[in-house]
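Here is a short report on side-chain contacts in one protein chain. Please keep the sequence and the model side by side while reading.

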Amino acid sequence: MEIAQEQHLHNTDDRKVSQRPTRVTHQPQHPRFRKYKWWFRVSLYIIFFLVGQSAATLLGRLYFDNGGNSKWMATFVQSAGFPVLIPLLFYFPTQTHAKFTNDPHNDFSKTKPKFFTLVSLYIAFGLLLTGDNLMYSYGLLYLPLSTYSLLCATQLGFNALFSFFFNSQKFTAFIFNSVVLLTISASLLAVHAESEGPTGLSKEKHIIGFFCTLGASATFSLYLSLVQLSFEKVIKRETFSAVLDMQLYPSFIATCACVVGLFASGEWKTLDKEMKEYVKGRVSYIMTLLWTAVTWQISSIGMLGLIVEVSSLFSNVIGTLALPIVPILAVVFFHDKINGVKFIALLLAVWGFVSYLYQHYLDDKKAKADRSDGLDVSKGEVEIC
């Protein structure tokens, strides 16, 4: 009898032990490992965004400085490079993990948006990007690079406004400090730098470039906030494939719209002449447009990834950080003059960027403290994961 009772107790203990890992294995990864992966993704997206945007801006300037004059071609290459991303769709298959739901194990098939909703969303974003890219092309053609950078920096202010209404973005002293420093950084380049843009243009064209760049900054900020809202309310996924979809399909729509604009405006008739008269030759003309298209896609992947991982405001902060970097790179590649103002602008931009990162660190620390107070588990359970 005692042997039977002892065997029964032993079996009961075995069941308790076997139940414990089963309950804990719902966590696919250690929380600390997930955090490291998050920082790796964010760092990678930041590199994509900064490198892509800086290179694309320099190549855009190279195009106009060497005889390029087509606004629709400059707009076309900002979206036409999307086919280079298609192979990534096969390497990063669609995952079924839904992020923006209460249940982290929710099946995506239950929250998947309707096909018509996604098509409408991609078409709307594609047309919005077309108008935005066209306005930026007018600004880059008709304005000095320093003035262009100043007006592009205003997108932070627009994005702060749109993020407050669409994304419930809270503002703290560090975020406000970051926005102010990055705006001042870009403003210094416009106030003190020598004229680096096109000369001999009429006052009328300068005014057109001014309002087009200002309108493009506001439109781009609206686009960022709406993309973040779409990921939260419609797409509801945190996967890289979702980022690719948001880049590929609107880019396809924008490219089609640019082709229509290129033929409707009649600029397609002057492209052959433009290629022949390009200062650096035909091969350089083609390679400039090709790499401009590729670098814009790299920049867009970084931008969308930061929206998914952090917020649209953070993505905009990173984009503004690139504005003072571009003149520094222009010193290396275009032999522009370097001065103390450009160096100070770069320091202010880095200061503003670190300020925003520190605020995110404080938020993460506070969230971790809240989780430890409300969801306290034994160390043994965590170590088994």
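The text below covers salt bridges, the nonpolar core, aromatic rings and one long-range backbone pair.

The model is predicted.

**Salt bridges**

The count of salt bridges comes to 4. Three of the pairs are listed here, with the N to O distance.

| Pair | N to O distance |
|---|---|
| E309 and R41 | 2.8 Å |
| E267 and K71 | 4.0 Å |
| K276 and D272 | 3.3 Å |

Take E309 and R41, whose closest N and O atoms are 2.8 Å apart. E309 lies in helix 13 (residues 282–309) and R41 in helix 2 (residues 31–65), so the salt bridge ties together parts that are 268 residues apart in sequence. What is the burial state of E309? E309 is buried, with a relative accessible area of 9%. R41 is partly exposed, with a relative accessible area of 26%.

The pair E267 and K71 meets at 4.0 Å, N to O. E267 sits in the loop between helix 11 (240–265) and helix 12 (271–276), while K71 belongs to helix 3 (residues 71–76), so this bridge ties together parts that are 196 residues apart in sequence. Both E267 and K71 are buried.

K276 and D272 form a local pair within helix 12. They are 4 residues apart, about one turn of the helix. Their side chains meet at 3.3 Å, N to O. D272 has 43% relative accessibility and counts as partly exposed, because that value falls between the 20% and 50% limits.

**Nonpolar core**

In soluble globular proteins, nonpolar side chains tend to be buried together. Here the largest nonpolar core has 70 residues. Which residues have the most contacts inside this core? They are Y223 and M246. Y223 touches F125, L128, L129, M303 and L304, leaving aside residues up to four places away in sequence.

**Aromatic rings**

How many aromatic pairs does a search of the whole structure find? The search finds 11. Ring pairs join Y63, F64, Y278 and Y285 into a cluster.

**A long-range pair in helix 6**

I123 is placed in helix 6 (residues 115–142). Is I123 buried or partly exposed? I123 is partly exposed, at 36% relative accessibility. That value is not under 20%, so I123 does not count as buried. I123 and I253 are 130 residues apart along the chain. Their C-alpha atoms are separated by 6.1 Å.

How values were computed:
Residues numbered from 1 in each chain as written. Predicted model: local features only at pLDDT ≥ 70, side-chain atom pairs only at ≥ 80, totals over all residues. Heavy atoms only, no water. Core = buried A, V, L, I, M, F, W, Y, C linked by side-chain atoms within 4.5 Å. Buried < 20%, exposed > 50% of the residue type's maximum accessible area, 1.4 Å probe, protein only. Contact = heavy atoms within 4.5 Å. Phe/Tyr/Trp six-rings, centres within 6.5 Å; stacked < 30°, edge-to-face > 60°. Helix = DSSP H or I, 4+ residues; strand = E, 2+ residues; numbered from the N terminus.
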